[in-house]
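Good morning, and thank you for making time for this. I would like to take you through a few places in one structure, and I will begin once it is on the screen.

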Amino acid sequence: MTDRLFAVIGEDGRQAAAARALARAGCQVGGIGQIARAGYILLPMPLDDQVAGLLRAARPGAVALAGRPSERAARIAADAGVELVDYYARPELVIRNAIPTAEGCIGILLEKRPRTLWGARVGVTGYGPVGQALAPRLTALGARVTVAARRASQRALAQSQGAGAVPLSGLRQVAAGFDILVNTVPAPVVGRQVLEALPPDSLTVDLASAPGGVDLGAAAALGRRAMTAPGLPARCAPDSAGEYVAQTVLEILREREVAE
């Protein structure tokens, strides 16, 4: 891999850690000044239009790797003759990122509440990778966890891992029993009726990516404590998050080489 030159764009901890991991793997790594020469460009997640505009300076034929690029970013890349690959579309990165998301959420719960998680009644909406990482960890800490999920298979998995489970459509009926509600669904699933049913001293944390799943306006009007916590991997464990990105990118490139 010594012939690979990466231009790593972005100055946060995750991008810095990804650059170090790529260098350890034998890649040549530079910054924004190398964008016109690099065969590979590592962009941050999520990729906004302003950063995507840097691709106009890339050489045609370069491969840009980014997380959750916008449609406009994809058009900018296409116009520049740059292939744009979404590394966050890879399931292994989603699963790895769920670990620091779960740990970061637990840290928030410990910080924002005056009580232990031991014995706390916790609802978790959704049982994708984040829910699957979070619920067992909460259970291991002694919380009484109930998962609200659409699919019967997800509810069965939650039960097999020590949690209770209800259909997502039944969330309002059980909300009164929660001290904490954590949403992982990026769709409006925690609305006014659910928030109204929660105990007045409960805490709701929305981990879902934009547009989120909790009606924060309704929560404020009802006097319920609710907060969003986006981007926890980069905030809580940037070194690990950056290494996960680098691992995923290297695997993408290995697969491309095999296909060639």
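Let me start with Ala140, which is found in helix α5, and please keep in mind throughout that what you are looking at is a predicted model. Is Ala140 buried or exposed? Its relative accessible area is 65%, and because that lies over the 50% mark, Ala140 counts as exposed. To place Ala140 against another part of the chain, consider Phe6, which is 134 residues away along the sequence, and whose C-alpha atom is separated from that of Ala140 by 41 Å.

Helix α5, which spans residues 129-140, also takes part in a wider arrangement, in that β6, α5 and β7 together make a β-α-β unit, and that unit is right-handed. Turning to the strands themselves, β6 covers residues 121-125, and 4 of its 5 residues are buried, so that it is mostly covered. Which strands does β6 pair with? With β7, residues 144-149, β6 runs parallel and is joined by 5 bridges, and within that pairing Gly123 stands opposite Thr146. With β9, residues 180-183, β6 again runs parallel, here joined by 4 bridges, and in this case Thr125 is the residue that stands opposite Asn183.

I would now like to move to helix α4, residues 91-112, where we find Asn97. The relative accessibility of Asn97 is 3%, and because this is under the 20% limit, Asn97 counts as buried. What is Asn97 in contact with, once its neighbours within four places in sequence are left aside? The answer is Met45, Tyr88, Pro233, Ala241 and Tyr244.

Let me finish with the cysteines, since someone may well wish to ask about them. A disulfide is a covalent bond between the sulfur atoms of two cysteines. How many disulfides does the count come to in this model? The count comes to 0, and Cys105 can serve as a worked case. The closest cysteine sulfur to that of Cys105 belongs to Cys236, and because the two sulfurs are 9.5 Å apart, they are too far from each other for a bond, given that a disulfide requires sulfur atoms within 2.5 Å. As for its surroundings, Cys105 is buried, with a relative accessible area of 0%, and Cys27 is likewise buried, in its case with a relative accessible area of 7%.

That is where I will stop, and I am glad to go back to any of these places.

Note on methods
Residues are numbered from 1 along each chain as its sequence is written. This is a predicted model: local features need pLDDT of at least 70, side-chain atom pairs count only at pLDDT 80 or more; totals for chains, interfaces and linings use all residues. Side-chain values use heavy atoms; hydrogens and water are left out. Helices (H or I, at least four residues) and strands (E, at least two) are DSSP runs, numbered from the N terminus. Buried means under 20% relative accessible area, exposed over 50%, partly exposed in between (1.4 Å probe, protein chains only). Contact means heavy atoms within 4.5 Å. Two strands pair if DSSP finds at least two bridges between them. A crossover is right-handed if, with the strands pointing away from the viewer, the path from the first strand over the helix to the second runs clockwise.
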